[in-house]
Amino acid sequence: VNKDFMFHLLSSEEFQRKLIKHSTGSTVTGIQQKKLSKLEVCYPRLTDQRKIASILSTCDEVIEKTEAAIAKYQALKQGMMHDLFTRGIDVKTGKLRPSYQDSPELYKESKLGMIPKDWEVNELGNLTKLVTDGSHFSPIPQEKGMPIGNVKDMLDSTFNYDGCTKIIPEVFELLTRQNCSPKKGDVLLSKDGTVGKVIHFEDEQQIVLLSSIAIIRVNELIESAYLAWALRSEIFDKALYSLLSGSALKRIPLKDIQKIKTPFSKSLEEQQLIASRLKTIENKLKSEQSALTKYQQLKAGLMQDLLTGKVEVSVAEETLKN
């Protein structure tokens, strides 16, 4: 038996199920060595084993490279967020300003530390037209209907609409009239339970929200996309969690959300540039994450097919090339 083939065989779901079936114990499960040595496995001829191991090892290499790319982009994104929210972008050159250490004359003191001279620090209450939240009562769930979103339904930039609770259209319309429905461009912030999830709402899909999500509608001083990124930054991690109240259920009241201080450029063009740079790196990150999911699914399918003999090795090799 080829050792690389055996490694993949023992990692397969089918063999893992077999292990569990023959395991004993309640708190800590295990399998006796005697039982383990008697477990039966099926395997093809040695030449096919080598080919199967090569195919699956190639999948592993691609997955590892993709995971490395994701880690690189995540680190790059964090570094960019720190630099962009402390140094900003020179609109004339399109580049980061020199650091405070290199050009202190470009900066000034603020309540949040040193910021560029043409930036300001202000509370969200002064930068918004509306800071509210969703429904304070939970409508009766329906099998079909319109979606009402909760914190659990929030993804990186949208909602998991399929997972949302459904409510009757009449209640949906009532909650829409009560400002429980976000408009395009609103910034949504989870404020109860899991605190700090942020969505810059750009969906065409209509949805109403429960009270665990704050709806922030900006005024003319600040770009909504910029604010969404600012709320995801390390500056706001500190600000948000310093405002947490409650013990069992962590939450931030609306009045405290309005007190959160944000640094921002007086130039809307600079704000747009910052949001655009971060959106670009985020899209690259999502592309790699999507590719990783695809490769993981491909490997899982190949393991199921190759290690059980459902698909010939030659067919699998062609699949991998494609």
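Aspartate 60 is buried in this predicted model, with a relative accessible area of 18%, where buried denotes under 20% relative accessible area, exposed over 50%, and partly exposed anything in between, as determined with a 1.4 Å probe on protein chains only. Lysine 299, at 17% relative accessibility, likewise counts as buried. The side chains of aspartate 60 and lysine 299 meet in a salt bridge with an N to O distance of 2.6 Å, a salt bridge being a side-chain nitrogen of Lys or Arg within 4 Å of a carboxyl oxygen of Asp or Glu. This pair links distant parts of the chain, with aspartate 60 in helix H4 (residues 46-86) and lysine 299 in helix H9 (residues 268-306), 239 residues apart; helices (H or I, at least four residues) and strands (E, at least two) are DSSP runs numbered from the N terminus. A search of the whole structure finds 17 salt bridges.

Because the model is predicted, local features need pLDDT of at least 70 and side-chain atom pairs count only at pLDDT 80 or more, whereas totals for chains, interfaces and linings use all residues. Residues are numbered from 1 along each chain as its sequence is written, and side-chain values use heavy atoms, with hydrogens and water left out.

Four strands form an open sheet with antiparallel pairing, in the order S6-S12-S9-S10, two strands being taken as paired if DSSP finds at least two bridges between them. Strand S6 (128-133) and strand S10 (198-200) are the edge strands, each pairing on one side only. Within the sheet, strand S9 (residues 187-190) and strand S12 (residues 213-218) run antiparallel and are joined by four bridges, and leucine 188 stands opposite isoleucine 215 in S12. Helix H6 (residues 224-231) lies across S9, S10 and S12, running at about 165 degrees to S10; contact means heavy atoms within 4.5 Å, and axes are lines fitted to C-alpha atoms, for helices over the stretch in contact, with angles from 0 to 180 degrees between N-to-C directions.

Further salt bridges involve residues of these strands and of the loops beside them. Arginine 217 forms a salt bridge with aspartate 186, the closest N and O atoms being 2.8 Å apart; arginine 217 belongs to strand S12 and aspartate 186 to the loop between helix H5 (169-177) and S9, at a separation of 31 residues, and both residues are buried. Lysine 191 forms a salt bridge with aspartate 133, with 3.4 Å between the closest N and O atoms. Lysine 191 lies in the loop between S9 and S10, aspartate 133 in strand S6, 58 residues apart, and both are buried. Asp133 and Lys191 are also linked with Asp192 and Arg251 in a network of salt bridges.
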